[in-house]
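Q: Please take a close look at the strand pairing in this model, and at what surrounds it. Keep it brisk, and give each cut-off once.

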Amino acid sequence: MKRILLIAAALVLLFSPGGCGETRKTEQSPKPVQAVDRTKEEPPMKIKVSDGKNTVVFALNQSQASRGLWNQLPLTIDVENYGSNEKIFYPKKLETGNTPAADARAGTLAYYAPWGDVVMFYRDFGSAKGLYGLGEAESGRESIARLSGKITIEKQ
């Protein structure tokens, strides 16, 4: 009988909560995980184009080609007239993945992939194969036609 009581006491101690002066830890609920808000857009990329007399500020889109141009800045480069509606300059080649096709209007900044030039439109143009939209003029749209010589392009 003594043996049965010892076994029973041992089992009670073994299976009882707490036991031997230990404090039982209470389970805590896990800390909430911070949700990442993917709906927020990246900060806007803006560039300033100036020849010292005329200045245009463009707001860039979030495309791969726009980011490629952004990453090359600052640039001092020659601007050229082309046709009767645009000014162009030649940065290093831009990758066009996820870059939208351009429907160029006055104030559109675009990239013409076949030639590798960035185009600043001061008159409406429309679309063309290989013409990708980079952004739009936010201010100074009327100054695009007057840009000449060396221009400086910098992050705004």
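A: The answer goes from the overall make-up to the sheet, then to its packing, its rings and two backbone details.

This is a predicted model: local features need pLDDT of at least 70, side-chain atom pairs count only at pLDDT 80 or more, and totals for chains, interfaces and linings use all residues. Residues are numbered from 1 along each chain as its sequence is written, and side-chain values use heavy atoms, leaving out hydrogens and water.

Start with the inventory. The chain has two helices and nine strands. These are DSSP runs numbered from the N terminus: helices are H or I with at least four residues, strands E with at least two. Along the sequence the pattern reads α-β-β-α-β-β-β-β-β-β-β. Contact means heavy atoms within 4.5 Å. Of the contacts with a separation of 6 or more, 63% join residues 24 or more positions apart. The accessible surface is about 10,700 Å², and carbon and sulfur atoms hold 54% of it. These areas follow the Shrake-Rupley method with a 1.4 Å probe; for residues, only the protein chains shown count as cover.

Now the sheet. Nine strands make an open sheet, ordered S3-S9-S1-S2-S8-S6-S7-S5-S4, with antiparallel pairing. Two strands pair if DSSP finds at least two bridges between them. S3 and strand S4 (80-82) are the edges, each pairing on one side only. From one strand to the next, the twist averages 30 degrees. Angles run from 0 to 180 degrees between N-to-C directions, with axes fitted to C-alpha atoms and, for helices, over the stretch in contact.

Take three of the pairings. S3 meets S9 in the antiparallel sense over four bridges. There, aspartate 78 faces lysine 150 of S9. S2 and S8 are also antiparallel, over four bridges. Phenylalanine 58 has alanine 137 in S8 as its bridge partner. S6 and S8 pair antiparallel over five bridges. Tyrosine 112 stands opposite leucine 131 in S8.

What packs on the sheet? H2 lies across S1, S2, S3, strand S5 (86-89), S6, S8 and S9, at about 55 degrees to S1.

Next, the interior. Buried means under 20% relative accessible area, exposed over 50%, and partly exposed in between (1.4 Å probe, protein chains only). Of the 156 residues, 35% are buried. A nonpolar core is a set of buried Ala, Val, Leu, Ile, Met, Phe, Trp, Tyr and Cys residues joined through side-chain atoms within 4.5 Å. The largest such core has 26 residues; Ile47, Phe58, Leu109, Met120, Ile151 and Ile153 touch the most other members. At least two residues each come from S1 (45-50), S2 (55-60), H2 (64-72), S3 (75-78), S6 (108-112), S7 (117-121), S8 (131-139) and S9 (150-155). Apart from this core lies another, of seven residues, including Ile88, Ala110, Val119 and Leu131.

Phenylalanine 58 deserves a closer look. Leaving aside neighbours within four places in sequence, its contacts include Ile47, Val49, Leu109 and Met120. Glu136, Ala137, Glu138 and Ile144 are also among them.

The rings come next. Rings of Phe, Tyr and Trp (its six-membered ring) pair if their centres lie within 6.5 Å; planes under 30 degrees apart are stacked, over 60 edge-to-face, and the rest tilted. The count is three aromatic pairs. Tyrosine 112 and tryptophan 115 are edge-to-face, 5.3 Å centre to centre with 85 degrees between the planes. Both are partly exposed: tyrosine 112 at 22% relative accessibility, tryptophan 115 at 46%. Phenylalanine 121 and phenylalanine 125 have centres 5.3 Å apart and planes at 25 degrees, so they are stacked. Phenylalanine 121 is buried at 1%, whereas phenylalanine 125 is partly exposed at 40%. Ring pairs also link Tyr82, Tyr112 and Trp115 into a cluster.

Finally, the backbone. Most residues other than glycine have a negative phi, and most peptide bonds are trans. Leucine 73 and proline 74 are joined by a cis peptide bond, omega about 5 degrees. Proline 74 sits in the loop between H2 and S3. Asparagine 98, not a glycine, has a positive phi of about 55 degrees. Its place is in the loop between S5 and S6. Asparagine 98 is exposed, at 60% relative accessible area.
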